[in-house]
Amino acid sequence: MKSLLTPGLLALSLLPSSVFAQDWTPAQQEVWEFELGCQESKEAWLDCFHEDYVAWADMSLGVPATKADHIAIGGQSWDDNEQVFVHLKPVEITVLGDFAVALVVYTNTVRNRETGEMTTTTQAWTDVLVKEDGRWYWIADHGSPVGGH
């Protein structure tokens, strides 16, 4: 597990257990590195969405969200909250040529910039990725709360 301290992040632990990583193919490792890189900053996160992204990203919308919808909703969250702790745990990564599916448990603690209130959520995410011009992108995803959070 790796811990990274930056002004905006008190702790960012993102690397998988060494046992799981030893079983990965180079293609799976490449997808995992993409997933980790998307959590480094708002700008990095925004750059992870494919232009044709569509998903049930925010069920409150009642319809699938496009890249623009998801960026507006998630981008506002980045602006309103300071990331305090992020932990990604891979469950499974399947790579089929230029497509991949990553099942990830995502735990996130944020501090509301206005109120100072801390909130921790744990979600199970299914990320569907496409590789285009040698780079991975999210083309679809969906997350659901786990563990009563």
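Start with strand 6 and strand 7 in this predicted model. Select both: they run antiparallel, and ten bridges join them. Now pick K131, whose bridge partner is W136 in strand 7.

Next, go to the turn of this hairpin. Two residues lie between strand 6 and strand 7. Select D133 there; its phi is positive, near 55 degrees.

Keep the two strands on screen and add the core. Which residues have the most contacts inside the largest nonpolar core? They are V31, W32, F34, L129 and W138. The core has 23 residues. Colour helix 2 (26-37), strand 4 (81-96), strand 5 (99-112), strand 6 (118-132) and strand 7 (135-145): each supplies at least two residues of this core.

Zoom in on V31. Set aside its neighbours within four places in sequence. V31 is then in contact with I93, V95, A100, A102, L129 and W136. You have met W136 already, as the bridge partner of K131. L129 is also on the list of core residues with the most contacts.

Last stop: H50. Find H50 in the loop between helix 3 (42-46) and strand 2 (54-55). Is H50 buried or exposed? H50 counts as buried because its relative accessible area is 7%, and the cut-off for buried is under 20%.

Show the side chain of H50. One of its polar atoms lies 2.9 Å from the backbone nitrogen of D52. Then look further along the chain, leaving out residues up to four places away in sequence. H50 touches K67, V130, E132, Y137, W138 and I139. Among these, W138 brings you back to the nonpolar core.

Definitions and conventions:
Residues are numbered from 1 along each chain as its sequence is written. This is a predicted model: local features need pLDDT of at least 70, side-chain atom pairs count only at pLDDT 80 or more; totals for chains, interfaces and linings use all residues. Side-chain values use heavy atoms; hydrogens and water are left out. A nonpolar core is a set of buried Ala, Val, Leu, Ile, Met, Phe, Trp, Tyr and Cys residues joined through side-chain atoms within 4.5 Å. Buried means under 20% relative accessible area, exposed over 50%, partly exposed in between (1.4 Å probe, protein chains only). Helices (H or I, at least four residues) and strands (E, at least two) are DSSP runs, numbered from the N terminus. Contact means heavy atoms within 4.5 Å. A polar contact is a pair of N or O atoms within 3.5 Å; within protein, one must be able to donate a hydrogen and the other to accept it, and residues adjacent in sequence count only if both atoms are side-chain atoms. Two strands pair if DSSP finds at least two bridges between them.
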